[in-house]
Amino acid sequence: MTATKVFPLTDLAPDAAKRVVLDGIPIAVVLDSAGIVHAIGDTCTHGDISLSEGFVEDDTLECWAHGSKFELTTGKPLSLPAYEPVPVFAVEIIDGDIWIDPEARIDTEKKQA
Ligand code: FES
């Protein structure tokens with residue numbers, strides 16, 4: 001699958017998340033306070049909860065159910081009870097629209113090497 005246009009950048013408020021489903025994969029699209037758009041797996045790894053219903057704070061998205069915070073750049077949980085990361089997807093902004101390819105997962109392990 002190639003990248004898909006999801007919605008205009010203007011549909012996202014700062015420090016807010018919006019859920020999309022691409023190719024059957026739920027994705028939380030987030031605009032952080034620095035103006036950067038992120039796309040991470042929308043399902044919390046601790047339970048079947050939509051992370052886009054949680055809270056954006058700095059570079060994290062917090063699950064509303066039990067408070068695990070996931071780092072937007074790596075998908076890693078920074079606090080328990082979740083301990084498994086969510087996937088991170090490549091995002092492009094083209095002519096004011098957000099494009100995401102659900103098969104283009106970013107290898108966050110390489111970034112930290
Ligand atoms: S379901 Fe997300 S932290 Fe428990």
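Is Ser50 buried or exposed? Ser50 is buried, because its relative accessible area is 13%, and the cut-off for burial is under 20%. Keep in mind as we go that this is a predicted model.

Let us stay with this serine for a moment. Ser50 sits in the loop that links strand S4 (37-41) to strand S5 (55-57). Setting aside neighbours within four places in sequence, the residues in contact with Ser50 are Arg19, Asp42 and Trp64. With Asp42 there is also a polar contact, side chain to side chain, at 2.6 Å. Pro26 offers another way to place this loop residue: Ser50 and Pro26 are 24 residues apart in sequence, and their C-alpha atoms are 8.5 Å apart in space.

From the loop, turn to the sheet. Six strands make up an open sheet in the order S1-S9-S8-S4-S3-S2, and their pairing is antiparallel. At its edges are S1 and strand S2 (16-22), each of which pairs on one side only. On average, neighbouring strands of this sheet are turned by 30° against each other, direction ignored.

Now walk across the sheet, beginning at the S1 edge. Strand S1 (residues 4-8) pairs with strand S9 (residues 97-105) in the antiparallel sense, over four bridges. Here you can find Thr4 opposite Ile100 of S9. S9 is paired with strand S8 (residues 88-94) as well, again in the antiparallel sense, this time through five bridges. In this pairing Ile93 stands opposite Ile98 in S9. S8 and S9 form a hairpin with two residues between them, and Asp95 in the turn has a positive phi of about 50°.

At the other edge, S2 and strand S3 (residues 25-31) run antiparallel and are joined by seven bridges. Val20 has Ile27 in S3 as its bridge partner.

Finally, have a look at how the nonpolar side chains gather. The largest nonpolar core has 14 residues, and those with the most contacts inside it are Val30, Ile40, Cys44, Leu51, Leu61 and Phe70. Apart from this one lies another core, of 12 residues, including Val20, Val37, Ala39 and Ile98. Two of these names should be familiar from the walk across the sheet: Val20 is the bridge partner of Ile27, and Ile98 is the residue opposite Ile93.

Key: Residues are numbered from 1 along each chain as its sequence is written. This is a predicted model: local features need pLDDT of at least 70, side-chain atom pairs count only at pLDDT 80 or more; totals for chains, interfaces and linings use all residues. Side-chain values use heavy atoms; hydrogens and water are left out. A nonpolar core is a set of buried Ala, Val, Leu, Ile, Met, Phe, Trp, Tyr and Cys residues joined through side-chain atoms within 4.5 Å. Buried means under 20% relative accessible area, exposed over 50%, partly exposed in between (1.4 Å probe, protein chains only). Contact means heavy atoms within 4.5 Å. A polar contact is a pair of N or O atoms within 3.5 Å; within protein, one must be able to donate a hydrogen and the other to accept it, and residues adjacent in sequence count only if both atoms are side-chain atoms. Two strands pair if DSSP finds at least two bridges between them. Axes are lines fitted to C-alpha atoms, for helices over the stretch in contact, and angles run from 0 to 180 degrees between N-to-C directions.
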